[in-house]
Amino acid sequence: MKITPIDIAHKSFGKRMMGLDTDEVMDFLQQVAAQMEALIQDRNSLKEALREKELSLMEYKERDQVLKETIATATQMADRLRQDAEREAKLITADANQKAEIITRDSRDSLKRMYQEVNELKRARMQFEANLKALAQAHLSLLEQGEKYMPQMHLQNQNFVNNPNSTGTATGNTRSTNISPLSAE
């Protein structure tokens, strides 16, 4: 059975002859009831303080858990972002290297074609010069042979002489401007 301060304050005892002084018992019971009331209030206030502390502790534990989860999530996100950035950087680098390789290869191919074209043009020029020289030499040779084998012609109306210093009526090999040098008299 639970005893409360009210129970103590209103407790009555049976009387006997030569019994206890009732005023003294009542004073003592009042003192015990008052102290018990103070103890109960202290206990209740301590219980309330404990409950508040437990609530605060629970709230702090929840906050701590939320913070831990937030930190873990932020760390995971940072790791993912770093990995994504590294992957993207590798892709960009690979793409840039591939484009640079293509540009370099195209430049080399273009340079190679240009060198080939220059060499072909040089060969064509050399061939043209050789052909032109051969043609000029053939014409000179024909002219020389033509003068060797062609009969000397004596024409009337001689306006020029083979000797350019003479006046035009000298005897010797003369040609007329009116007659073709290939025609014979």
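What is the volume of the second largest pocket? I will start there, with the reminder that everything I show today comes from a predicted model. The second largest pocket has a volume of about 230 Å³, and the residues that line this pocket are K11, S12, F13, G14, K15, R16, G19, L20, D21, T22, V25 and M26. Sorted by class, that lining is made up of 4 nonpolar, 4 polar and 4 charged residues.

Let me now step back to the overall layout. The protein contains 2 helices and 2 strands, and along the sequence these elements follow the pattern α-α-β-β. Of its 185 residues, 6% count as buried. As for contacts, if we take those in the protein with a separation of 6 or more, 36% of them are accounted for by residues 24 or more positions apart.

The second helix, α2, has 128 residues, and from its first C-alpha to its last it reaches 185 Å, which is close to the 190 Å expected at 1.5 Å a residue. Within α2, the residues V25, L29 and A33 are buried, and what covers the buried residues of this helix includes α1.

That brings me to the largest nonpolar core, which has 5 residues in all, namely I8, A9, V25, L29 and A33. The elements that give two or more residues to this core are α1, spanning 5-9, and α2, spanning 22-149, and it is α2 that gives the most, with 3 residues. As general background, nonpolar side chains tend to be buried together in soluble globular proteins. Looking at one member of the core in detail, and not counting residues up to four places away in sequence, L29 touches I8, K11 and F13. Of these partners, I8 belongs to the core, whereas K11 and F13 are among the residues lining the second largest pocket. V25, for its part, appears both in the core and in the lining of that pocket.

Finally, I would like to turn to I3, which lies in the segment before α1. Leaving aside its neighbours within four places in sequence, I3 is in contact with I8 and M36. Computed along the chain in residues, I3 and A33 are 30 apart, while in space their C-alpha atoms are 9.9 Å apart. Is I3, then, buried, partly exposed or exposed? Its relative accessible area is 47%, and because buried means under 20% and exposed means over 50%, I3 counts as partly exposed.

Technical notes: Residues numbered from 1 in each chain as written. Predicted model: local features only at pLDDT ≥ 70, side-chain atom pairs only at ≥ 80, totals over all residues. Heavy atoms only, no water. Core = buried A, V, L, I, M, F, W, Y, C linked by side-chain atoms within 4.5 Å. Buried < 20%, exposed > 50% of the residue type's maximum accessible area, 1.4 Å probe, protein only. Helix = DSSP H or I, 4+ residues; strand = E, 2+ residues; numbered from the N terminus. Contact = heavy atoms within 4.5 Å. Expected span 1.5 Å × (residues − 1). 1 Å grid on protein atoms, 1.4 Å probe; cavity = no way out; pocket = protein on both sides within 12 Å on 5 of 7 lines; lining within 4 Å. Points joined across faces, edges and corners; volume = space filled by probe spheres on them. Nonpolar A, V, L, I, M, F, W, Y, C, P; charged D, E, K, R; others polar.
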